[in-house]
Amino acid sequence: MALKIKLVKSLNGRIAAHKATAAALGLRKIGSETVQPDNAATRGKIAQIGYLLQVTEVNE
């Protein structure tokens, strides 16, 4: 199982830790998407900046 993560809100004006978390997920601009494994580390990143993201489950 994997997670498709899309950045739907801007990173402008966010705290540095949240910008770094988005970069760690591979998200740079609004509308950018990435597919990440569904594990505890990814879930923790999503929990931190979930208010900026849209997350859907993908079956691979």
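The following exercises, each with a worked solution, concern a predicted model.

**Exercise 1. The sheet**

Determine in what order the strands of the open sheet lie, and which of them are edge strands.

Solution. Begin with the pairing: the open sheet is formed by 3 strands, which are arranged in the order β2-β1-β3 with antiparallel pairing. Next, look for strands that pair on one side only, a condition met by β2 and by β3, which are therefore the edge strands by the pairing criterion of at least two DSSP bridges. As for geometry, neighbouring strands of the sheet are turned against each other by 25° on average, with direction ignored. To follow one pairing in detail, take β1 and β2, which are joined in the antiparallel sense over 5 bridges; among the bridge partners, Lys4 is matched with Val35 of β2, and Ile5 is matched with Thr34 of β2.

**Exercise 2. The two faces of β2**

Assign the residues of strand β2 to its covered face and its uncovered face.

Solution. The general rule comes first: in a regular strand, side chains alternate between the two faces of the sheet. Applied to residues 33-37, the assignment gives Thr34 and Gln36 on the covered face of β2, whereas Glu33, Val35 and Pro37 lie on the uncovered face.

**Exercise 3. Helix α2 and its surroundings**

Find which residues of α2 are buried, and explain why they line one face of the helix.

Solution. The buried residues of α2 are Thr42, Ile46 and Ile49. Seen down the helix axis, these buried residues of α2 fall within an arc of 80°, so they line one face. The general background is that an α-helix has 3.6 residues a turn, so residues three or four places apart point the same way. Turning to the other side of α2, one finds Ala40 and Ala47 exposed. The cover over the buried residues of α2 includes β1, α1, β2 and β3.

For a single residue, consider Thr42, which belongs to helix α2. Thr42 has a relative accessibility of 5% and therefore counts as buried, the cut-off being under 20%. Leaving aside residues up to four places away in sequence, Thr42 touches Leu3, Ile5, Leu25, Gln36 and Pro37. Finally, at the start of α2, a side-chain oxygen of Asn39 comes to within 3.3 Å of the backbone nitrogen of Ala41.

**Exercise 4. Helix α1**

Establish which residues of α1 are buried, and what they pack against.

Solution. The buried residues of α1 are His18, Thr21 and Ala22. Around the axis they cover an arc of only 100°, which puts them on the same side of α1. The face turned away from this buried side carries the exposed residues Ala16, Ala23 and Ala24. On the buried side, the residues of α1 pack against α2. Past the helix, α1 is followed by Gly26, which has a positive phi near 90°.

**Exercise 5. The largest nonpolar core**

List the residues of the largest nonpolar core, and identify where its largest share comes from.

Solution. The core has 11 residues in all, namely Leu3, Ile5, Leu7, Leu11, Ala22, Leu25, Leu27, Ile46, Ile49, Leu52 and Leu53. At least two of them are supplied by each of β1 and α2, and the largest share, 3 residues, comes from β1. To see one member in context, take Leu27, which, not counting residues up to four places away in sequence, touches Ile5, Leu7, Leu11, Ala22, Ser32, Glu33, Thr34 and Leu53.

Conventions
Residues numbered from 1 in each chain as written. Predicted model: local features only at pLDDT ≥ 70, side-chain atom pairs only at ≥ 80, totals over all residues. Heavy atoms only, no water. Core = buried A, V, L, I, M, F, W, Y, C linked by side-chain atoms within 4.5 Å. Buried < 20%, exposed > 50% of the residue type's maximum accessible area, 1.4 Å probe, protein only. Helix = DSSP H or I, 4+ residues; strand = E, 2+ residues; numbered from the N terminus. Contact = heavy atoms within 4.5 Å. Arc of directions from axis to C-beta. Polar contact = N/O pair within 3.5 Å; in protein donor to acceptor, adjacent residues only side chain to side chain. Axes fitted to C-alpha atoms, helices over the stretch in contact; angles between N-to-C directions.
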